[in-house]
Amino acid sequence: MSAKAISEQTGKKFLYNNNTLAAVQNRFRYVNVTPATDLNRLAQEHPWLLTERLVVKPDQLIKRRGKLGLVGINLDLQGVKEWLKGHLMKEITVGRAKGVLKNFLIEPFVPHTQDEEFYVCIYATREADHVLFYHEGGVEVGDVDAKAQRLTVAVDDKLSDTQVKEQLLTHVPDDKKDVLASFIVGLFNLYEDLYFTYLEINPLVVTKDGVYVLDLAGKIDATADFICKAKWGDVEFPPPFGREAYPEEAYIADLDAKSGASLKLTLLNPQGRIWTMVAGGGASVVYSDTICDLGGVDELANYGEYSGAPSEQQTYDYAKTILSLMTREKHPNGKVLIIGGSIANFTNVAATFKGIVRAIKDYQGPLKEHEVSIFVRRGGPNYQEGLRVMGEVGKTTGIPIHVFGTETHMTAIVGMALGHRPIPNLPPVAVHTANFLLNANNSPMTPASSRTASFSEPKTTNDVTPPKKSKAGLPPEAQASSVCSGAKATTLFSSHTKAIVWGMQTRAVQGMLDFDYVCSRDQPSVAAIVYPFTGDHKQKFYWGHKEILVPVYKNMADAMKKHPEVDVMISFASLRSAYDSTLEAMQYPQVHTIAIIAEGIPEAQTRKLIKIADEKGVTIIGPATVGGIKPGCFKIGNTGGMLDNILASKLYRPGSVAYVSRSGGMSNELNNIISRSTDGVYEGVAIGGDRYPGTTFMDHVLRYQDTPGIKMIVVLGEIGGTDEYKICQGIKDEVITKPVVCWCIGTCATMFASEVQFGHAGACAHQASETAVAKNQALRDAGAYVPKSFDELGDVIKSVYDDLVAKGTIVPAQEVPPPTVPMDYSWARELGLIRKPASFMTSICDERGQELIYAGMAITEVFKEEMGIGGVLGLLWFQRRLPRYACQFIEMCLMVTADHGPAVSGAHNTIVCARAGKDLISSLTSGLLTIGDRFGGALDAAAKQFSKAFDSGMLPMEFVNKMKKDGKLIMGIGHRVKSINNPDMRVQILKDFVKQHFPSTQLLDYALEVEKITTSKKPNLILNVDGFIGVSFVDLLRTCGGFTRDEADEFVEIGALNGIFVLGRSMGFIGHYLDQKRLKQGLYRHPWDDISYVLPEHMSM
């Protein structure tokens, strides 16, 4: 949601931090009291409490505290303590909400007279901000809407002192006008700067000393956090009075903040028996409505939603939170869990259901103990597989799980769950995504051979006459009479509409092209993609069986210049960049329609976009929308879901019914309902769930009224706002003459004791007229067809349609089968329809889930158990969890092999490369390439030589003699500097550790016997660090208990031990690189006097 209420303390802190409100007195003098506060220490921490008269009041979003007797006035500190004893942790009822008083504010008392009290309020609407002022304030201010002076400030306009004095302060004494005008202008600037949506001060006291803010209520636009974080600081949004703040709600809110998906949870009654887990902001409201309609309001435990394609892990986390909550207290009648949703547009239903199935398996014991029955209804991409796994887990766990797909009305499972309708025994649904992709007309036509082409390139063929080019920015239907500036086109999309897509959304673009193809369009609807994060290039897509290239541009100007036929922009820009990219798009007169997909754009930015769009005659769909669809012509992004749903809902050809809704998911449900009840959809638009969508219901209803092909209109309204009343007026004034079927969701809100913010930002009633119940009644009274509930919406649509058919207004057309579109390989594999050998196999790491996995061990576990680098190497190199001493030994080996000075070949090469100006990777690689048998590669060779000799039963002397006879060096024996008299301390450190911790050191002991023989001949023929590590590692692999003998030998054979040297020495090489860069050493040139030039003295032919 966007507009969220803040505490009085937070609001005053915002005011007090603002330097422009210089007249405000008494800054930063308040104390917050909670049950944890030590009242006896208050004076010690806030000495001013002993010298001031005080006011104390609860700070918990309670309205009219004065009238409720919840304000203690003109008290000393002892009086405040006494007052708090009678109120702190006391349960009270405010309206229908019952709650406990637990958060209080103590402030200085401001002596003043009644004529020094004033009232001021600023709030936002679609077109303007409104400043209300009344020359009397306080508890008895009354109906300020009716009697206050009102000043309207258009979006993006400024407020002046003169305006305030002339229009608001007419009844204020002259000596107070200047200070009040200055304060109100400063307050308005603060309101805009901090993205307030509502700010009320009552009373505002003005004395000879200055301005005092006594009581304050405010709401800020929480979506503006990315803009205002530095100004706001950390803001805590309190729950409405009467509803506790639960840690589980905070946990889900945190998940939501870290995810691109939408995850919401509000606990209404944790002891309730009816729990919901619904996909989609609109659908979640519809399910809550239906539960309440069927008498379940007192047992409804929660409201929430998950949408926007959450991952399997995110859905698992969400589901386990719900299951944990519902299995804490038993209910005598058992419990029900409703896992519902509309038909998804782009969410992979199977993937999200796999997360839910995991949670059900984890909680199967408690679920059975609490006698939980689960009812599932879902549709959308891969929903058949999702329903299958859900049904399967019911069979394997013994939990009663009833599963239904799109053949069942969306909310039918609510009636089943609550015992109001029987549970049908449906046979398994045979239909599958793949079935829709077979050639339905049995045409023998063979697909054209694949080719690569670009529809942006000119065609040279004369076989087909190309369609006439559109005037830039005008759809063909609108070209007969040019649209003047500021007027919006009635027809937004046609079969020739061309769009630019902002953002690299390849799946959405391919979906649009597949839709174009089944609609038998001549050319793709996507002319180009704008993606600022790469250079200009071309992206490959499919047009039916062919491969085509769509141009991608780094900047919008180039795209618009090269594609003058484009008049639609579909923006997948993020909430942070959507405002700027939309402003830029509106600079081009050719653009007449913009769809903004992003959710969470601050309301102030959206209102500015609406103002500019209205001035330029641009139609905005969104923000927070999936878009819209015009069957047979054009679809926006992911609207309508995948191809199976496009075909099932007959969206490839026009019907006679047009609809408009707020919700994207519910628009897809309307596609389903309308296709089952009528001849199908002519056009459908989801205007978006924000409080101020770019276009309103009425904008589209009027378009539909003026479109001859549309015979009836369906509107799915919702709680919040007053747009639906314009439809009422339009019907009464006979501006709208076509039949309108309308239902407003959110009827449950009037049944809840405390305010609930539903999934859409705009779904919240601020007055009685904004409730869904009031709007449904008004529509019914105006003459719209309004069902009794959403359950009956399809029946009412069918009834109106049948009547139009009977009158001859609608003549259903004969069905024509659409062309076949091949299924993408990736999706076919997802559905399990095909298989293919993988190009790669891996058994050590998996990064696909929520958490990185090393050889089956989650990364969080790796850190929790403090496995260290040695433990990680054990997992990644050996697929084993090695003993602690083995991990330590590996780390010691890395430490002793990390470096051996700049003179060795590897370090030398690294240094030369670094001084030649090469980068880190090049310099490191240069050093690593010197590692081999002569430098550093002795670990593997030593391990192999000593193992072979030891395993064959050869005595140490026999081994030495044989190697001498064969003319071979014993790898791991010998050192340039160290000797028996000058031992290598690295070897000594490792030897002490190995002897103390290894279960057996047979090969090491054998190597030490060989060392005695070789050093007796020459003192520097010692067992060096490479040899020591090599033979000790063989002992480790053979005796630690984690490997068979064959496995241990295989790791030696494949070169695992040299990996120790490579990894260890890389640390040293990097050190040398950084050292040379830090010392700023120049290009290295080897000195002549260190080179022997041995050229031949004479050469003759």
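## Asp234 and its salt bridge

D234 is exposed, with 68% relative accessible area. This is a predicted model, and in it D234 sits in the loop that runs between α7 (225-232) and α8 (247-257). The side chain of D234 forms a salt bridge with that of K229, at 2.8 Å from N to O. The pair also registers as a polar contact between the two side chains, again at 2.8 Å. K229 has a relative accessibility of 39% and therefore counts as partly exposed, whereas its partner D234 is exposed.

K208 is 26 residues from D234 along the chain, and 35 Å separates the C-alpha atoms of these two residues.

## Other salt bridges

The structure holds 50 salt bridges. One of them joins the side chains of R421 and D791, with an N to O distance of 4.0 Å. This pair links distant parts of the chain, as R421 and D791 are 370 residues apart. R421 lies in the loop between α14 (412-417) and β20 (452-454), and D791 lies in the loop between α23 (772-782) and α24 (793-807). R421 has a relative accessible area of 38%, so the residue is partly exposed. D791, at 23% relative accessibility, is also classed as partly exposed, because the buried class is reserved for values under 20%.

K962 and D966 make a further side-chain salt bridge, at 2.8 Å from N to O. K962 is partly exposed at 41% relative accessible area, and D966 is partly exposed at 37%. Elsewhere, salt bridges connect several residues into a network, whose members are E8, K12, K57, R65, E107 and D215.

## Cysteines

How many disulfides does the structure hold? The number is zero. A disulfide is a covalent bond between the sulfur atoms of two cysteines. For C1040, the closest cysteine sulfur is that of C887, and the two sulfurs are 9.8 Å apart, which is too far for a bond. The cut-off for a disulfide is a sulfur pair within 2.5 Å, so the C1040 sulfur, at 9.8 Å from that of C887, has no bonding partner.

Is C1040 buried or exposed? With a relative accessibility of 16%, C1040 counts as buried. C121 is likewise in the buried class, with a relative accessibility of 2%. Both values fall under the 20% limit for a buried residue.

## A nonpolar surface patch

Which residues make the nonpolar surface patch of about 250 Å²? The patch is made by Y825, L833 and I834. I834 is located in the loop between α25 (825-830) and β34 (845-846). The relative accessibility of I834 is 36%, so I834 counts as partly exposed. A residue must have over 30% relative accessible area to be part of a patch, and I834 at 36% meets that condition.

## The annotated domain

The UniProt record, an unreviewed entry, carries the annotation "domain: CoA-binding" for residues 492-601. In the predicted model, this span is 25% helix and 29% strand. The C-alpha atoms at the two ends of residues 492-601 lie 24 Å apart.

Technical notes
Residues are numbered from 1 along each chain as its sequence is written. This is a predicted model: local features need pLDDT of at least 70, side-chain atom pairs count only at pLDDT 80 or more; totals for chains, interfaces and linings use all residues. Side-chain values use heavy atoms; hydrogens and water are left out. Buried means under 20% relative accessible area, exposed over 50%, partly exposed in between (1.4 Å probe, protein chains only). Patches are made of residues with over 30% relative accessible area and no salt bridge: like charges are joined within 9 Å, nonpolar side chains (Val, Leu, Ile, Met, Phe, Trp, Tyr) within 5 Å. Accessible areas come from the Shrake-Rupley method with a 1.4 Å probe; for residues, only the protein chains shown count as cover. Helices (H or I, at least four residues) and strands (E, at least two) are DSSP runs, numbered from the N terminus. UniProt positions are given in the numbering used here, feature names are shortened, and annotations may be inferred rather than shown by experiment. A polar contact is a pair of N or O atoms within 3.5 Å; within protein, one must be able to donate a hydrogen and the other to accept it, and residues adjacent in sequence count only if both atoms are side-chain atoms.
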